[in-house]
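Me: I would like to learn how to read a structure feature by feature, going from the general idea to the particular case. Could you take me through one?

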Amino acid sequence: MKTNMSKGFKRSLTAVAVTVSLGLAAPAAMAASNNAGSIFGKTEAGAKVTYKSKKTGVTRTVSAKADGRFSVSSVPAGVYSVTDASGNTRTVIVNIGSGSRVNFEKEVEKIEVTGQMFSTIDTSSSESTAVFTADDVFELPLPRNSVSVALLTPGAIQGGANFGRNLPSFGGSSIGENGYYIDGMDVTNLRTLLSFADLPQDSIAQTQVKSGGYGVEFGRALGGIINIVTKSGSNDWDFGAAAYLRPSSLRATEKNSYNANLDKIGAYNSDDEFSSLKYNVFGGGPLIEDKLFFYTNIEGQKVERDNFSRTTSYEYSVTTPNYLAKLDWYVTENHLLRFTHINNETEYDRQNYKISDADEYKGVHSKASSGYEYSEGGNINVLTYTGYITDDFTLNAMYGQLKYQYLKVPNLPGEECASAYDNRDGDWTPIGCWDTAKFTVADTIDDEDERTSWKIDGNWVIGDHTLKFGYNSETYDATAPGRNYSGNIYYRYLTSDAEINGNVVNGVTLPQGQEVVRTRTFNSKSATFTVENTAWFVEDSWQATDNLMIYGGLRGETFTNKDGNGKIFIESDQLIAPRVGFSWDMDGDSSKKLYGTFGQYYIPVAANTNIRSTREEVNTEDWYKISGGWNADGTPIGGLGEKFGTSTNDVQIANPATIADKNLDPMSQLELIVGYQQEVGDDWTASVKFMGRSIVNGMDDFCGHDGFVKWAADNGHDNFDPHSMQGCMIINPGKDITLAMDLNDDGNLTDVTTPASYHGLPEYKRHYVGLQFEAEKAFSDKWKANFSYVLSRTFGNAEGYVNTSLAQEDAGATQDFDHAAFMRGAYGDLPSDRRHQFKAFGLYEINEELTVSFNTSIVSGTPLSCQGYVNLDGMLTGDGSTAYDYGNFKRYGASSFYCRNENGDKELTKRGDQGRSNWEFNVDMGLTYSPEWSEGLTLQATVNNVFNTQRPTFYDQQKDKAQDNAELNKNFLSPTSYQAPRRVQLSARYKF
């Protein structure tokens, strides 16, 4: 069988003859590293086998064992010729994290391909993984980001619509539970777990997506792993340039949302404009042939955006370049050093405006309010070493540093003016002289994160066993500047009104038309918060028989979190995560594979928990009657009048002994996968896979105190004052809580265990079950494609490290378990539950110059719930101690499953009982032109969301309009956001 791919895809290889292994008994499987692959196979006993890189010319020779098996780990991704002692040569492609098999025992068929290998089944691994090369990605009509690549994999769904984020969810996990790697270094944002380090997209060589079942080398994630390896230079001088244009004129109009309460536009998007031009130059080659290589990619950009709301607007532009530079030094054939430097700093030039009443919803910038420049991003440095110490032992080491600075608005005029809003008619209109870009004012220190990480591991082949072991340590410092409201106070003006608030404000019934103001103050202290994580791992891939590989591994982890004074408040014992698996090459020819994995996975405590739980801060809230409105600076005319209703005065002075349960177990997950793959015909592969996941020892913050008060009273501690405790404590919900408590209100702390029954919290539960079907066709007869369908369910009482329904991003500190009242009715189908997922992508070669590509997804809707104000009735009964939680939880918004019925009475609903959102449908198309008259030139046009199907992606699930009255939200179950509109990208690449 011989297949020729057209000139249009001759981008990185030329007529590579790729061996398809037939009838080969698998050797001991190689544990490929997280930035390289492996080569293994069988030849004559004791024979020498030489492999040579097609790009770099680097050559290495190893010896086969007595049974003829040979293997080598930590092989950089690329194309290799492999030659045995008789001069027989095979060519293989090595992908990251995968084993490439070579057979010299018999004559085999050859397939001539360009740019890709016929996709035989990898029987050397039990992991659930997919690898996409740079050419794979360019061929498809994808947005230029790593998340779009990850979403090609079955079971990965788009999340974060309610956060304005572009992040994937894998196998029922939340968007805050993934891991991201570049050249072997973990670059996940450990402050929030909701972003990762960026880099020029054209500098990516391969992207590996692990959707589950990954080995013990990987941890600190419950969802998926996105693992990137960057491009390197070779013996061939390679230069080029590319440009990618997304013009605003070819972008469809974005939908607005409607606010029925105000009878006007809610989110005003239809006049927003966005255009992007990104262009890069790249080059690479040998500084010393066969030994020292360089590669660099410099990406310039011109990004412009105009954004409008009813009262304000802004425009910004970005022109700063990013770049990557890389050196590969083959010191000898047995020792390799690599250094990668990435700069991803982005500077914004922004202008803010205030919209006049006459210009509302007209898409014009009325009056300039402030203009400034600010930046975000930083740089990454990664140094790696690979040493082939012997034929059987390979040593890897990595040292990396990352620095990231968050967006920070500079000092602006008006920071002395109070933050103030007119909320009398239910809308939010900024008033006064403050700048809306500075609702809060930060201290002058930089808001930044720094990460230092190192890792060492070894691969050792002993007979039928491939052992891998290693150790990793990382320190993550998150420096968060202190903040306070503009003008050190925040005013919100309201009027008692029968239609808007039922004349009930702050729990007090007021006469019609009474003017009131709510005041808040907030002050937090600047500090650096540190997270320290370590991990060791050991694994054995045992070739039990010629066809059966059995995997076993142990991972041990520690998580340490420190407060702003450098004191430890969370410190885990050694956390042991066992994982086992198998891969059965059923017919011994890699045509049928049965595999499975079972294991435990831990996720660290994010630095955001350090900041939220331990930073020294003061919060106050008071309500006053006023008359006459407000002054030009936003302060009330005539000052503050009579105070009414409840007030709040929270002071958080962190004491490590009182913050976290002394027996806290970090959150972990058990996972089971069983799968089957089979070749169907010459160029099709079909597979089916079952995945089950369950959270163990869920972790979150708990802010209720009544249980501690009751326990103290039951045990004779009559002087106990709940104000001596933290506002919120980090616990394992549903388990006993052990904290240091001031039982006698005398300043002396005593370790106390209060039984779980006093707090009424259920155990943390999240479950996922999924059945996946996939069919993939390798390129032949002018086309290739991948089709998948996933039937799944995600259910429990907590989504994970985020709360999509409330758009809450606080990893490990969501509202879910703040009080038992929030968990009533919480068990059901979770926001990440997409019951049905259909995906298809591929391409068709029209002729040698033109290729058309497509990417389609159809996913079912998510469950919808009723969100209302928490029922406070139970907190008002009993003695005065219950008033503590009443005052605390009265400040919460509509975020429980208690909702008012049409009669105004509160009823307990159940998560997901309001039906489902609509199905989401998306089609992307691309056309690629590689003219014969210009070798190296490629022109491409891609259209995302071809049919402009702007279906809702999120709905307003708040039913109760206010805590103290029976009025209902008219926007209940109305759309608040939609799919991105149709947009076009035009691109050109030239290589020489």
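Reply: What follows is a conversation about cores, strands, loops and surface in this model, which is a predicted one.

Me: Let us begin with the interior: how many residues does the largest nonpolar core have, and which of them have the most contacts inside it?

Reply: The general idea is that in soluble globular proteins, nonpolar side chains tend to be buried together. In this model the largest nonpolar core has 55 residues, and Met 667, Phe 708 and Met 741 are those with the most contacts inside it. Among the elements that give two or more residues to this core are strand S32 (465–480), strand S38 (527–543), helix H3 (607–614) and helix H5 (706–714), and the largest share, 4 residues, comes from H5. Apart from this core lies another, of 34 residues, which includes Val 149, Ala 156, Ile 226 and Ile 342.

Me: Which residues are in contact with Met 741, once its neighbours within four places in sequence are left aside?

Reply: Met 741 is in contact with Phe 708, Phe 720, Met 725, Asn 748, Leu 749, Thr 750 and Val 752.

Me: Helix H3 was named among the contributors to the core; is H3 largely enclosed or largely open?

Reply: Burial is judged residue by residue, with buried meaning under 20% relative accessible area. In H3, 7 of the 8 residues are buried, so the helix is largely enclosed by the rest of the structure. The buried residues of H3 include polar ones as well as others, for Asn 608, Thr 609, Asn 610, Ser 613 and Thr 614 are listed together with Ala 607 and Ile 611.

Me: How should I read strand S52, and with which strands does it pair?

Reply: A strand is best read together with its partners. S52 (residues 783–796) is joined to S51 by 13 bridges, and these two strands run antiparallel; one bridge sets Tyr 768 opposite Thr 794. With strand S54 (residues 836–845), S52 pairs in the antiparallel sense over 9 bridges, and here Leu 791 has His 836 as its bridge partner. Strand S53 (residues 828–829) is joined to S52 by 2 bridges, again antiparallel, with Gly 796 partnered by Gly 828. Because 10 of its 14 residues are buried, S52 is largely enclosed by the rest of the structure.

Me: Which residues have a positive phi, and where do they lie?

Reply: Most residues other than glycine have a negative phi, and most peptide bonds are trans. In the hairpin of S51 and S52, which has 2 residues between the strands, Asp 781 takes a positive phi near 55 degrees. Asp 290 has a positive phi of about 65 degrees and is placed in the loop between strand S20 (273–288) and strand S21 (292–308), where Asp 290 is partly exposed at a relative accessible area of 36%. Tyr 361, with phi near 60 degrees, lies in the loop between strand S25 (346–354) and strand S26 (367–388) and is partly exposed, at 25%.

Me: Is Ser 590, in the loop between strand S41 and strand S42, buried or exposed?

Reply: Ser 590 is buried, with a relative accessible area of 4%. Beyond residues up to four places away in sequence, Ser 590 touches Arg 101, Ile 121, Thr 123, Asp 585 and Glu 679.

Me: Finally, which residues form the nonpolar patch on the surface?

Reply: The patch has about 750 Å² of accessible area together, and its members include Val 580, Phe 598, Phe 690 and Leu 791. Strand S45 (668–680) and strand S51 (766–780) each supply at least two of its residues, while Phe 690 lies in strand S46 (residues 684–696) and is partly exposed, with a relative accessible area of 33%.

Notes
Residues numbered from 1 in each chain as written. Predicted model: local features only at pLDDT ≥ 70, side-chain atom pairs only at ≥ 80, totals over all residues. Heavy atoms only, no water. Patch = residues over 30% accessible without salt bridge, like charges linked within 9 Å, V, L, I, M, F, W, Y side chains within 5 Å. Areas by Shrake-Rupley, 256 points an atom, 1.4 Å probe, with all protein chains shown as cover. Salt bridge = Lys/Arg side-chain N within 4 Å of Asp/Glu carboxyl O. Buried < 20%, exposed > 50% of the residue type's maximum accessible area, 1.4 Å probe, protein only. Core = buried A, V, L, I, M, F, W, Y, C linked by side-chain atoms within 4.5 Å. Contact = heavy atoms within 4.5 Å. Pairing = 2+ DSSP bridges.
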